[in-house]
Amino acid sequence: MATSMNGRALARARNQALRARIAALPRPPGLAVVLVGADPASQVYVGRKATVAVRLGLHHQQLDLPASTPEVELLGLIDRLNADPLVDGILVQVPLPVHMDRQRVLDRIDPAKDVDGFHPWNMGLLAQGRPRFVACTPRGIMALLAEHGVPLQGQRAVVVGRSTIVGRPVSLLLDAANATVTVCHSRTRDLEARVREADVVVVAVGKPDAVPAAWIKPGAAVVDVGVNRLEDGTLVGDLGAGPELEAAGWVTPVPGGVGPMTIAMLMANTVESAERRLAQG
Ligand code: NDP
């Protein structure tokens, strides 16, 4: 029977461990979350982040802008948050409205406050093997694998998906952990063969059944990042269901796997940012 990698339990433990560090600071870490427009999924995500941030005693502010906001106004807001000494972390929720240039917006965030880890400066540091802010979902995936003692060194890891938010950074982290990493995407020929040989599979595609259960090698660890809402309202990941999963070594549930870890890692990044900035005076 595969071990379920319970993200809820680990996120709770990690959040709890942050409390003492927060209490040791002369002021609460400050997190500013900017939401442009009223995308329902984004509203749910920022709501969850707010709940955890407030519960931990962070100084949390959510800035809601209408979808019609000109990009220059958003950039102005980011400039003000960059200059605010009480703000340690800035997160602009994506996706942004189509009239905005997402990369230009994310590039405007001070890299020292980039708790989402999407700024090219932080991505570059990660690529060089000297990470500062690591994107929350990839960091959460690595924490889940470490917590469950999943062997990585010398193992074959297959990452399905190469987005800058999940696939690419997690492939760099797996490489840093000395796994031999193959990154697959929509143009990959014979994805099945790649997945079948993997000891560790990370699926971040955004399509139900992108990786069927039958492809999973017995004993492998599978991290399912996908969040897909079916027509009947059910939430499923990218990994197909099937009896073959019983022979896997470890599997993350959806929901309750990667999702809670993403939020816990945002809290960790914010606390670390505050510690760093306060130490610098
Ligand atoms: P993107 O849409 O940015 O990237 C999807 C990737 O999947 C692309 O690299 C794409 O390839 C690849 N792909 C698409 N179709 C296939 C296919 N048939 N076979 C192989 N690869 C394919 O998605 P994200 O990385 O942002 O998110 C992926 C999923 O993870 C989504 O469901 C999202 O909701 C979820 N997610 C969950 C989080 C959490 O905290 N639980 C956090 C972030 C995301 P190509 O590059 O060639 O287009």
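**Figure 1. Charges across the protein chain.** Counting side chains in this predicted model, we get 29 positive and 27 negative ones. Take the centre of each set, and the two points sit 4 Å apart. As for the accessible surface of the protein chain, that adds up to about 12900 Å², and carbon and sulfur atoms own 54% of that area.

**Figure 2. The fold as a whole.** Here we're looking at a protein chain with 9 helices and 11 strands. Its radius of gyration is 19 Å, close to the 19 Å the globule rule gives for 281 residues, so the chain is as compact as a globular protein of that length. Boxed along the principal axes, the C-alpha atoms take up roughly 50 × 40 × 35 Å. Half-hidden is a fair way to put it: 50% of the 281 residues count as buried. Among contacts with a separation of 6 or more, 71% join residues 24 or more positions apart.

**Figure 3. Two domains.** The protein chain splits into domain 1, covering 26-112, and domain 2, covering 136-259. From one C-alpha centre to the other, domain 1 and domain 2 are 28 Å apart.

**Figure 4. Zooming in on Ser273.** Ser273 belongs to helix α9, which runs over residues 258-280. With a relative accessible area of 1%, Ser273 falls under the 20% cut-off and therefore counts as buried. So who does Ser273 touch, leaving aside neighbours within four places in sequence? The partners in contact with Ser273 are Asp88, Ala112, Val115 and Phe133.

Definitions and conventions:
Residues numbered from 1 in each chain as written. Predicted model: local features only at pLDDT ≥ 70, side-chain atom pairs only at ≥ 80, totals over all residues. Heavy atoms only, no water. Helix = DSSP H or I, 4+ residues; strand = E, 2+ residues; numbered from the N terminus. Rg over C-alpha atoms; globule rule 2.2 N^0.38 Å. Buried < 20%, exposed > 50% of the residue type's maximum accessible area, 1.4 Å probe, protein only. Contact = heavy atoms within 4.5 Å. Areas by Shrake-Rupley, 256 points an atom, 1.4 Å probe, with all protein chains shown as cover. Lys, Arg positive; Asp, Glu negative; His and termini not counted. Charge placed at Lys NZ, Arg CZ, Asp CG, Glu CD. Domains from an automatic or database assignment.
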